[in-house]
Structure formats: structure tokens, C-alpha cells
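Visitor: Could you show me how to read helices and burial in a model like this one?

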Amino acid sequence: HRFNSPSTVQSQAMLNMAAAWSRRRPILLACTSTTVKTVAADLLVQKMVERRETLDTKRTLAFAIFGCSWMGAGQYFVY
């Protein structure tokens, strides 16, 4: 049995809206998601692996640019 509770219906509606948005703006979605991913990974490494007291913002900016330009837009067109 599939439950059709209000929260399930609302969740499905939100997923449908997100899917429609991603079909209309695939490059924006690719750039946004890969930028967030690369920045989060760099921040995690700086704080947890390297145990830095202060963040290297220039390095994080470089990862953001790389995430957006190559991993997001560049690979969108390559693949």
C-alpha cells in the first residue's frame, strides 16, 4: 500500500517542482551543485584534516571557481 498522507503528497509536489526547475535550468543546477560540493569539501579538509585555525579563503575561492567553471559548466557540455 502506498500512503497518501498530506506530508507525502506535499513532498512529492516539492520533488516535482524541483525536477521541473532542473529541466528548465540544467546549467545553473550543475554550476550551483558542484560549487557547493567543492567548497564544502575544501572547508572540510581545511578544518578536519589540516586542522587549520583560520581558513584559506583564496584557496576556497579557487575551489569555488573550479567547481563552477569546470565541474559545473565545462563538464555539462563535455558529457
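Guide: Let us begin with one residue: Val49 is exposed, with a relative accessible area of 63% (exposed means over 50%, buried under 20% and partly exposed in between, with a 1.4 Å probe and protein chains only). The model is predicted, so local features need pLDDT of at least 70 and side-chain atom pairs 80 or more, whereas totals for chains, interfaces and linings use all residues. Residues are numbered from 1 along each chain as its sequence is written, and side-chain values use heavy atoms, without hydrogens or water.

Visitor: In which helix does Val49 lie?

Guide: Val49 belongs to helix 2, residues 26-49 (helices are DSSP runs of H or I, at least four residues, numbered from the N terminus). After helix 2 comes Arg51, with a positive phi near 55 degrees.

Visitor: Which residues of helix 2 are buried, and what covers them?

Guide: Those buried are Ala30, Cys31, Thr34, Thr35, Thr38, Val39, Asp42 and Gln46, and their cover includes helix 3 (contact is heavy atoms within 4.5 Å). In an α-helix there are 3.6 residues a turn, so residues three or four places apart point the same way.

Visitor: How does the span of helix 3 agree with what is expected?

Guide: The 22 residues of helix 3 (57-78) should span 32 Å at 1.5 Å a residue, and its end C-alpha atoms are 29 Å apart, which agrees (the expected span is 1.5 Å times one less than the number of residues).

Visitor: Where is the kink in helix 3 centred?

Guide: The kink, about 30 degrees, is centred on Gly67 (the angle between axes fitted to the seven residues ending there and the seven starting there). Gly67 is also among the buried residues of helix 3, which pack against helix 2.

Technical notes:
Helix = DSSP H or I, 4+ residues; strand = E, 2+ residues; numbered from the N terminus.
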